[in-house]
Amino acid sequence: MYRSYYRILGLIGQGQFGRVFCAVDRQTGEIVALKDLELKRFPTHKFLREISYLLTLKHPNIVGCTGLEYNRTGRYVVMDYCEGGTLRDLINSQEQLSLKQKLNLVEDILSGLAHAHSRQIIHCDIKPENILLKLKPSSWSAHISDFGIARLIEEINSQSGGYTGSPAYMAPERFYGKHSFASDLYAVGIILFELLVGYRPFSGYPGELMTAHLSKTVTIPNTIPPLLSSIIEKALRKLPQRRFKSTEEMLKSVRLASETLGFNSSSVQLFTSLSSVPNATSLNIIHQVSLPQRVSHLAVDKQCVYLGIEDKLCCQIYPDSSLVGKPQEWQVPLKGSLVKLFSHSQGCLTVTDSPVNEGSCISYFRKSHDAGQIFQQQQVCVSRLNQISAIAPGGHWLAFISSSQVLQFLKLPNLERVKTSINCSIDSQLVTLDSRHGMIINSAEEKKPKTQFTLLTRRGNLWRFFSLSISLHSLVSNSHLPDQIFALEVSEKILGILINLKPLKVTRIPLEIKPDFILGQPWGFLLASRQGKVILLGIRGEKLGGFQVEEEITAMAFYDQFRLLMATDYQSEKRLYFINLEEKLANKIYLNSNSNTLS
Ligand SMILES: Nc1ncnc2c1ncn2[C@@H]1O[C@H](COP(=O)(O)OP(=O)(O)OP(=O)(O)O)[C@@H](O)[C@H]1O
């Protein structure tokens, strides 16, 4: 058996007939889905026949099957990867889609179906779980999955009698074991209803659903514009011959409705999910201190707090890591203005821009408990830094891209240069994943928005990883969850993008603020704007809460899972707050099994 062409990144899910994995092509770095079809249920002759026809079903709105993979672990169908999950995930999420976006998704489904129907193929199991999503700027494109598989399953089950499919989306004739192209259109009609109204026209147990589909009239709320309710009504007619004559005819009607209503969707009162504006409720402030000057940067390591104040570094050493009690305090001058501050296990690192030349200085400050002071131990001057990122927080490496567009590494704590010859674009962004890996991210907006993610090892090896068809900025990794990245999408609205790397899954989170601070924690991310609004997001992008302060926030850092340091500036009053967010997050947190459990 040969070595697999793919490296599996993670299990995406388990269907009735086998598992689906997210994998990366070892040669091209392309992300694919591998569907493992059990040998027992799909004997090779059936499997091959089905695959040969699946390979020919090519359309932008059908999840493409690109090949087969046989290896030691099994036999897989290789498919295009849909990083956005299913339409069901989107319906259940907090993302609010505009009318135009909802209709575009239905148009995508109908376009894919029209192609299949033109080849005499009926899907038989159209439902939100079988519609997969890919990112497109500020929205999603829909792709029909389970095509051939659905047909194959249909064949297997019809041999044992009875119907297959999902009763909530099944046309009346399907309960009698009959199906036609119009049965697929009925299912699209239910999806359109669900997207617009927020629930399905019929609910209940399979028996109740069957009765309803066969004999109950669909009630369409009068908040739905007539142009759309007439489409739903026609698609959901009980007799297949009374529905749309063809998929193209239904597609045309939806397109017309989208063009007529879509740009003016604010006037259409549709179902919307819960409002997610954070409440400005009282905060649990452990204590607060006045500061003599504005703090631009904050970093914490155990009982040491580092405050960046203009061209000075202030170090406070507390009796213990609860940061209660009176700290010992030292100040050291910095050469130039501070642009970044990192904590390190034995001290901290500063990056300053030199006022005299065009260069930057990276300095390592070591704290000495015995001597009760902090002193500068090492310093290197480099050409002005564009992007900088600490590899392994509190760890062994620092990587940066200099203005000469070369990626460089420094060993910590002695700041010894490691030679690399990796060219990077000046606009590249860097993030840390774990002690050995980082990522270089290049976003382009020109003709087509695109973001390319390249994996970087601490030895300076690069590996093209994957790309997304949107443009991203302000990327931040979560040192507590090495497989998660948060970013902002470049678009009219403020959209957060949560990227899980293993398996690749992208979630879009509409935000009410434009965050200036993004901090990763074991329970998720804290986002805050300088204007004082703070949002707490869980590890799946769900909103856990938030708060608002009157002051301008100038710097933030966590000193344990829940306790936060926040420096503010308000009418010449500068303060440092010690805040406990535990109550705000209590009972709302889902931690994955890799992270520490909460007491
Ligand atoms: N090409 C793909 N890209 C990304 N995720 C996929 C892809 N194909 C399937 N998945 C995901 O893998 C999981 C399992 O999919 P699968 O199609 O095997 O089963 P299912 O649709 O959940 O159930 P059923 O077996 O009843 O059809 C689902 O969460 C699905 O969204």
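**Conventions for the views.** Helices are DSSP runs of H or I with at least four residues, strands are DSSP runs of E with at least two, and both are numbered from the N terminus. The close-up views below are taken from a predicted model.

**View 1. The division of the protein into domains.** The protein is divided into three parts: domain 1 covers residues 6–80, domain 2 covers residues 87–260 and domain 3 covers residues 280–592. Taken over C-alpha atoms, the centres of domain 1 and domain 2 are separated by 25 Å. The ligand lies between domain 1 and domain 2, because both of these domains give residues to the shell around the ligand.

**View 2. Residues and polar contacts around the ligand.** There are 17 residues around the ligand, of which Gln16, Lys35, Asp80, Thr86 and Asp146 come nearest. By class, this shell is made up of eight nonpolar, six polar and three charged residues. Cysteine 82 takes part through its backbone, where a polar atom is 3.1 Å from a nitrogen atom of the ligand. Asparagine 130 takes part through its side chain, where a polar atom lies 3.4 Å from an oxygen atom of the ligand. In the side chain of aspartate 146, an N or O atom is 2.8 Å from an oxygen atom of the ligand. On its own, the ligand has 610 Å² of accessible area, and the protein covers 84% of that area. Two or more residues of the shell are given by each of the elements β1 (6–15), β2 (18–25), β3 (31–36) and β5 (74–80). Of the elements, β1 gives the most to the shell, with three residues.

**View 3. Glutamate 38 in the loop after β3.** Glutamate 38 has its place in the loop between β3 and α1 (44–54). The relative accessible area of glutamate 38 is 35%, between the limits of 20% and 50%, so this residue counts as partly exposed. In sequence, glutamate 38 and alanine 187 are 149 residues apart; in space, the two residues are 28 Å apart, C-alpha to C-alpha.

**View 4. Helix α3 and histidine 115.** Helix α3 comprises 20 residues, from 99 to 118. At 1.5 Å a residue, α3 should span 28 Å, and the 28 Å between its end C-alpha atoms agrees with this expectation. The helix is mostly covered, with 18 of its 20 residues buried. Histidine 115 lies in α3. With a relative accessible area of 16%, which is under 20%, histidine 115 is therefore buried. Lysine 58 and histidine 115 are 57 residues apart in sequence, while their C-alpha atoms are 8.5 Å apart in space. Just after α3, glutamine 120 takes a positive phi of about 65°.

**View 5. Helix α5 and glycine 198.** Helix α5 comprises 17 residues, from 181 to 197. At 1.5 Å a residue, the expected span of α5 is 24 Å; its end C-alpha atoms are 25 Å apart, which agrees. Because 16 of its 17 residues are buried, α5 is largely enclosed by the rest of the structure. Glycine 198 follows just after α5 and takes a positive phi of about 105°.

**View 6. Serine 138 and serine 572, two loop residues with positive phi.** Serine 138 is found in the loop between β6 (131–136) and β7 (139–144). Its phi is near 60°, a positive value in a residue other than glycine. Serine 138 counts as partly exposed, at 23% relative accessibility. Serine 572 lies in the loop between β34 (563–570) and β35 (573–580). The phi of serine 572 is near 65°, again a positive value in a residue other than glycine. At 61% relative accessibility, serine 572 passes the limit of over 50% and so counts as exposed.

**View 7. Cis peptide bonds at proline 413 and proline 503.** Leucine 412 is joined to proline 413 by a cis peptide bond, with omega near 5°. Proline 413 lies in the loop between β19 (406–411) and β20 (416–423). Lysine 502 is joined to proline 503 by a peptide bond that is also cis, with omega near -10°. The loop that holds proline 503 lies between β27 (495–500) and β28 (505–510).

Terms used: Residues are numbered from 1 along each chain as its sequence is written. This is a predicted model: local features need pLDDT of at least 70, side-chain atom pairs count only at pLDDT 80 or more; totals for chains, interfaces and linings use all residues. Side-chain values use heavy atoms; hydrogens and water are left out. The expected span of a helix is 1.5 Å times one less than its number of residues. Buried means under 20% relative accessible area, exposed over 50%, partly exposed in between (1.4 Å probe, protein chains only). A residue is near a molecule or strand if one of its heavy atoms lies within 4 Å of it. A polar contact is a pair of N or O atoms within 3.5 Å; within protein, one must be able to donate a hydrogen and the other to accept it, and residues adjacent in sequence count only if both atoms are side-chain atoms. Accessible areas come from the Shrake-Rupley method with a 1.4 Å probe; for residues, only the protein chains shown count as cover. Ala, Val, Leu, Ile, Met, Phe, Trp, Tyr, Cys and Pro count as nonpolar, Asp, Glu, Lys and Arg as charged, and the others, Gly among them, as polar. Domain bounds come from an automatic or database domain assignment.
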